[in-house]
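Biologist: Could you take one helix of this chain and walk me through it closely, then show me how the parts around it compare? I'm new to this, so please explain the terms as you go.

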Amino acid sequence: MACSSNWWRAPVYFTVSVLLAFLAISTALRSLPRDNSLPTKTTIAPLLLDASSALRKSGFNIIATLLQITPEIFISSPHSTIFAIPDSSIANASHTSWLLKHLFQYHASPLQLSMKDLLKKHRGSCFPTLFHGKNVALTKVDEKERVVEINHVLVSHPDIFLNGPLTIHGVLGPFTSMDPRYVNQGWDHIQAPICDSNLSLVSEAIDTKNVVEWTHVIRLLSSKGFVSFAIGLNSVLDGILYDKMKLNSVTVFAPPEFSFVASASSLLEKIVRIHILPRKLTYMELASLPANATLSTLAPDHDLEISKAVNITQELMINQVEIVAPNMFESKKFVIHGISQAFKLDELPNTSR
């Protein structure tokens with residue numbers, strides 16, 4: 001007897017749809033504040049019903065269920081555009097409910113963008129999503145062939161739904177890859193392109209598995225009492241990522257007190273940068289360097305200097321500041337050394353001469 005090999009997909013998708021819906025409801029109720037300027041679910045119920053029906057007719061059953069039961073995930077402004085992810089991409093996922101919520105929010109925009117609107121934009125244009133200020137970028141626009149790719153993912157089902165404030169397109173797959181293992185290690189789980197203030201593409205998404213886990217570094221610093229330095233690093237991190245986005249290893253010298261955190265942003269960034277080397281050097285590797293050896297930092301033209309390094313068992317100082325907690329934290333891509341006090345900018349050798 002002939003039988004489709006995909007007969008099992010319908011009940012699996014239905015089960016996943018129901019589970020995700022309830023997970024999303026509980027997550028949304030706990031974490032999404034109610035905006036009184038937005039229409040209530042009751043007032044837009046007919047719109048949501050029509051949108052869900054259109055999604056199901058195009059094969060996007062899971063997004064259809066979520067939109068109807070918990071629209072708060074996708075709609076947080078008077079106008080919204082949703083990029084529906086295929087059922088197969090969600091059903092095969094093993095993410096927690098909050099990770100999936102972030103994924104869905106990254107596929108929704110507070111702008112209303114029909115296919116006609118997308119085709120008017122140029123390649124390299126960015127637009128915002130509902131996830132923490134993360135953007136997506138148009139990586140291909142062919143008006144003649146009516147082809148649009150976002151983050152290199154084809155808009156496969158344009159204009160599934162166009163009605164009032166809501167626009168929905170279907171896409172061939174997710175705009176980002178997400179692996180819970182990387183989230184647990186502090187990597188950014190939404191790999192978004194970097195865009196400038198004019199919403200123009202600066203750099204495409206970087207595989208965060210191959211770069212420094214900055215979020216993890218900041219968490220570790222905070223957990224061990226280096227709170228002021230962690231705050232300083234976090235506040236200037238965007239600047240570091242902008243020109244050192246592909247940095248794959250670092251050494252961090254963490255002082256217990258960091259009074260510069262209240263300094264002007266340009267000064268603060270320079271001082272934070274002189275506490276970071278663009279390569280990983282363990283205590284043993286530092287100790288093996290000769291006295292007066294210089295160490296390049298993330299601050300251009302401002303190096304550190306080995307003050308004393310006889311051997312691994314004797315005192316080692318950087319710019320006359322003692323390393324009091326060597327190898328405090330270490331991973332494949334970074335090492336953090338605790339130092340007795342912050343380095344002073346006026347004591348650094350200037351290498352621009």
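Modeller: Let's start with helix H2, residues 45-57: at 1.5 Å a residue its 13 residues should span 18 Å, and its end C-alpha atoms are indeed 18 Å apart, so the two agree. The expected span here is 1.5 Å times one less than the number of residues. Helices (H or I, at least four residues) and strands (E, at least two) are DSSP runs, numbered from the N terminus.

Before going on, a word on what you're looking at: this is a predicted model, where local features need pLDDT of at least 70, side-chain atom pairs count only at pLDDT 80 or more, and totals for chains, interfaces and linings use all residues. Residues are numbered from 1 along each chain as its sequence is written, and side-chain values use heavy atoms, with hydrogens and water left out.

Back to H2. Its buried residues are Leu-47, Leu-48, Ala-51, Ser-52, Ala-54 and Leu-55. They sit on the same side of H2, because they cover an arc of only 160° around the axis. (That arc is taken from the directions from the helix axis to the C-beta atoms.) "Buried" means under 20% relative accessible area, "exposed" means over 50%, and "partly exposed" is in between, using a 1.4 Å probe and protein chains only. On the face turned away from the buried side, you'll find the exposed residues Pro-46 and Lys-57.

So what covers the buried side? The cover includes helix H3 (61-69) and the strands E1 (80-84), E7 (157-163) and E8 (166-170). After H2 comes Gly-59, which has a positive phi near 95°.

Now look at H2 and H3 together. Their axes come within 8 Å and cross at roughly 170°, which means that H2 is roughly antiparallel to H3. H2 brings Leu-48, Leu-49, Ala-51, Ser-52, Leu-55 and Arg-56 to the contact, while H3 brings Asn-61, Ile-63, Ala-64, Thr-65, Leu-67 and Gln-68. Sorted by class, that is seven nonpolar, four polar and one charged residues. Here Ala, Val, Leu, Ile, Met, Phe, Trp, Tyr, Cys and Pro count as nonpolar, Asp, Glu, Lys and Arg as charged, and the others, Gly among them, as polar. A contact means heavy atoms within 4.5 Å. Axes are lines fitted to C-alpha atoms, for helices over the stretch in contact, and angles run from 0 to 180 degrees between N-to-C directions. Angles under 35 degrees count as roughly parallel, over 145 as roughly antiparallel, 65 to 115 as roughly perpendicular, and the rest as oblique.

For another pair, try helix H9 (residues 227-243) and helix H10 (residues 265-273), which pack at about 80° with their axes 9 Å apart. That makes H9 roughly perpendicular to H10. On the H9 side the meeting residues are Gly-232, Leu-233, Ser-235, Val-236, Gly-239, Ile-240 and Asp-243, and on the H10 side Leu-268, Glu-269, Val-272 and Arg-273. This contact has five nonpolar, three polar and three charged residues.

Helix H8 (residues 214-223) has a buried set too: Trp-214, Val-217, Ile-218, Leu-220 and Leu-221. Down the axis of H8, these fall within an arc of 165°, so they line one face of the helix. Arg-219 and Ser-223 are exposed on the other side of H8. Among the partners of the buried residues of H8 are H9 and strand E11 (250-254). Gly-225 follows H8 and has a positive phi, near 90°.

Positive phi also turns up outside glycine. His-152, for one, has a phi of about 65°; it lies in the loop between strand E5 (147-150) and strand E6 (153-154) and is partly exposed at 47% relative accessibility. Asp-159, with a phi near 55°, is in strand E7, one of the strands covering H2. Asp-159 is partly exposed as well, at 26%.

Last, zoom out. The protein chain has 11 helices and 17 strands, and 47% of its 353 residues count as buried. Of the contacts with a separation of 6 or more, 62% are between residues 24 or more positions apart. For a pair that is 24 residues apart in sequence, take Leu-130 and Tyr-106, which are 5.9 Å apart in space, C-alpha to C-alpha.
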